[in-house]
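Please read the report below alongside the sequence and the coordinates. It takes up enclosed space, charge pairing and surface exposure in turn.

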Amino acid sequence: QTLIQEDIPKVAPLPMMSESMPFMERPASLTGALAGDVGFDPLGFAKTEGDLMNYREAEIKHARLAMLAAAGWPLSEVF
């Protein structure tokens, strides 16, 4: 079975403006490859792909710590 050019789905180009803040341009490092990427970096922290990955990893670590704290705080009040 061979693929015909019409069988390949078309990918819409990224908008020039951020989806989260339509009055700002989409940052260059946010390419839409990550889940939930709508171009939100209003302060321009992620200037490179490496910076973006470091911030992403830090956000995941902080979110996990916050979930543990949210579960641990009521338990410490009970016991």
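What follows is an account of the pocket, the cavity, the salt bridges and one surface patch.

The model is predicted, and the values given here are computed from it.

**Pocket and cavity**

The largest pocket has a volume of about 450 Å³. Its lining is made up of 17 residues, and those that lie nearest the centre of the pocket are Leu 30, Phe 40, Leu 52, Arg 56 and Glu 59. Sorted by class, the residues lining this pocket comprise 11 nonpolar, two polar and four charged ones.

Apart from open pockets, the structure holds one cavity of 30 Å³ or more, and the volume of the largest cavity is about 30 Å³. The residues that line this cavity are Ser 29, Leu 30, Thr 31, Ala 33, Leu 34, Asp 37, Glu 49 and Leu 52. By class, four of the lining residues are nonpolar, two are polar and two are charged. Leu 30 and Leu 52, named here in the lining of the cavity, are also among the residues that lie nearest the centre of the largest pocket.

Glu 49, one of the residues lining the cavity, belongs to helix 1, which covers residues 49-78. Is Glu 49 buried, partly exposed or exposed? With a relative accessibility of 45%, Glu 49 counts as partly exposed, because the buried class ends under 20% and the exposed class begins over 50%. The C-alpha atoms of Glu 49 and Ala 28 are 9.3 Å apart in space, while the two residues are 21 residues apart in sequence.

**Salt bridges**

The count of salt bridges comes to three, and the table sets out the pairs with their N to O distances.

| Residue pair | Distance, N to O |
|---|---|
| Arg 26 and Glu 19 | 3.5 Å |
| Arg 26 and Asp 37 | 3.5 Å |
| Glu 57 and Lys 61 | 3.5 Å |

Which residues are joined into one network by salt bridges that share partners? In the pair Glu 57 and Lys 61, the residues are four apart in helix 1, and therefore they are separated by about one helical turn. Glu 57 is partly exposed, at a relative accessible area of 44%, whereas Lys 61, at 53% relative accessibility, counts as exposed. The network itself consists of Glu 19, Arg 26 and Asp 37, joined through salt bridges that share partners.

Within that network, the side chain of Arg 26 meets the side chain of Glu 19 in one salt bridge and the side chain of Asp 37 in another. The pair of Arg 26 and Asp 37 links distant parts of the chain, since both residues lie in the segment before helix 1 but are 11 residues apart. Arg 26 has a relative accessible area of 11% and is therefore buried, and Asp 37 is buried as well. Asp 37 thus appears both in this salt bridge and in the lining of the largest cavity.

**Nonpolar surface patch**

On the surface, Leu 43, Phe 45 and Tyr 55 form a nonpolar patch, and together they have about 370 Å² of accessible area. Leu 43 is located in the segment before helix 1. With a relative accessible area of 65%, Leu 43 is exposed, because its value lies over the 50% cut-off for that class.

Key:
Residues are numbered from 1 along each chain as its sequence is written. This is a predicted model: local features need pLDDT of at least 70, side-chain atom pairs count only at pLDDT 80 or more; totals for chains, interfaces and linings use all residues. Side-chain values use heavy atoms; hydrogens and water are left out. Helices (H or I, at least four residues) and strands (E, at least two) are DSSP runs, numbered from the N terminus. Buried means under 20% relative accessible area, exposed over 50%, partly exposed in between (1.4 Å probe, protein chains only). On a 1 Å grid over the protein atoms alone, a cavity is a set of points where a 1.4 Å probe fits but cannot get out, and a pocket is an open set with protein on both sides within 12 Å along at least five of seven lines; lining residues have an atom within 4 Å of a point. Grid points are joined across faces, edges and corners, and a volume is the space filled by probe spheres set on the points. Ala, Val, Leu, Ile, Met, Phe, Trp, Tyr, Cys and Pro count as nonpolar, Asp, Glu, Lys and Arg as charged, and the others, Gly among them, as polar. Patches are made of residues with over 30% relative accessible area and no salt bridge: like charges are joined within 9 Å, nonpolar side chains (Val, Leu, Ile, Met, Phe, Trp, Tyr) within 5 Å. Accessible areas come from the Shrake-Rupley method with a 1.4 Å probe; for residues, only the protein chains shown count as cover. A salt bridge is a side-chain nitrogen of Lys or Arg within 4 Å of a carboxyl oxygen of Asp or Glu.
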